[in-house]
Amino acid sequence: MNKTILLDRGFNLNKPADISVIQDTMKKYDFIIPVSYVEFLLISNGLYAENFVLLEAEEIFQRNKDYEIDLYLPEYIMIGDDNGGIAILMEFKTGNIYANGLGSLLPEDLKFQSKSLEEFLLNENPLVKY
């Protein structure tokens, strides 16, 4: 993840997450945050864009628990949403980004968005395929 690219894209970045908060969350809850998302959090602890939000380190575990992502989509982690009922999910194995309605967390309903978080953030209109 390249901070310059994010700034060039016009995002207002938050203060970076503290690595100890990320490590404590993963240890305390036996919860894995993919490396590419950790890299993002170390640049900006979450992100508020025009049509989506990426979760802060302190929110990621609880949001995934609240929506039972581990139960319905155990191969994925929710990293954000569109503030309107659409989850942004990252596949653990590939790092691919998907979107899905929070009312129907079925693997067959996932809509592919991009091959990486960086590609997703560089897209002029994220979530356009949903």
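**Exercise 1. Determine which residues of β4 point one way and which the other way, and state whether they are buried or exposed.**

Solution. In this predicted model, Ile86, Ile88 and Met90 of β4 point to one side, while Ala87, Leu89 and Glu91 point to the other. Every one of these residues is buried. The arrangement can be set beside a general rule: side chains of a regular strand alternate between the two faces of the sheet. As the next step, count the burial over the strand: six of the six residues of β4 are buried, so the strand is largely enclosed by the rest of the structure.

**Exercise 2. Identify how β4 is paired with β3 and with β5, and what the turns contain.**

Solution. Begin with β3, which runs antiparallel to β4 and is joined to it by five bridges. Within this pair, Met78 has Leu89 of β4 as its bridge partner. The hairpin of β3 and β4 has four residues between the strands, and Asn83 adopts a positive phi near 65 degrees there.

Turn next to β5, which pairs with β4 in the antiparallel sense over five bridges. Here Ile86 stands opposite Gly101 of β5. Five residues lie between the strands of the β4 and β5 hairpin, and Gly95 in the turn shows a positive phi of about 80 degrees.

**Exercise 3. Establish the strand order of the sheet and which strands stand at the edges.**

Solution. The sheet is open and consists of six strands in the order β1-β2-β3-β4-β5-β6, with antiparallel pairing. Since β1 (47-48) and β6 (111-114) each have a single partner strand, they stand at the edges, and one side of each is therefore left without a neighbour in the sheet. For β6, the pairing with β5 is antiparallel and extends over three bridges; Tyr98 has Phe112 of β6 as its bridge partner. Helix α4 packs on the sheet, where it touches β1 and β3, and its direction makes about 110 degrees with that of β3.

**Exercise 4. Describe how α2 and α4 pack, and which residues make the contact.**

Solution. Two packed helices are described by the angle between their axes and the distance between the axes. For α2 (residues 19-29) and α4, the angle is about 25 degrees and the axes are 8 Å apart. Angles under 35 degrees count as roughly parallel, and α2 and α4 are therefore roughly parallel to each other. From α2 the contact is made by Val21, Ile22, Thr25 and Tyr29, and from α4 by Ala57, Glu58 and Phe61. By character, the residues of this contact comprise five nonpolar, one polar and one charged.

**Exercise 5. Decide whether Asn64 is buried or exposed, and list its contacts.**

Solution. Asn64 belongs to helix α4. Its relative accessibility is 4%, and the limit for burial is under 20%, so Asn64 counts as buried. Apart from neighbours within four places in sequence, Asn64 is in contact with Phe31, Ile69, Asp70, Ile77 and Met78.

**Exercise 6. Locate the residues of the largest nonpolar core that touch the most other members, and the elements that supply this core.**

Solution. The largest nonpolar core holds 29 residues, of which Tyr37, Phe40, Phe52, Leu54, Ile79, Leu117 and Leu121 touch the most other members. At least two residues each come from α3 (35-41), α4 (57-66), β3 (76-81), β4 (86-91), β5 (97-101) and α6 (117-122). The largest share, four residues, is contributed by α3. Beyond neighbours within four places in sequence, the contacts of Leu54 include Tyr37, Phe40, Ile79, Ile88, Leu117 and Leu121. Separate from this core is a second one of 10 residues, among them Ala87, Tyr98, Leu105 and Leu110.

Notes. Residues numbered from 1 in each chain as written. Predicted model: local features only at pLDDT ≥ 70, side-chain atom pairs only at ≥ 80, totals over all residues. Heavy atoms only, no water. Core = buried A, V, L, I, M, F, W, Y, C linked by side-chain atoms within 4.5 Å. Buried < 20%, exposed > 50% of the residue type's maximum accessible area, 1.4 Å probe, protein only. Contact = heavy atoms within 4.5 Å. Pairing = 2+ DSSP bridges. Axes fitted to C-alpha atoms, helices over the stretch in contact; angles between N-to-C directions. Parallel < 35°, antiparallel > 145°, perpendicular 65-115°, else oblique. Nonpolar A, V, L, I, M, F, W, Y, C, P; charged D, E, K, R; others polar.
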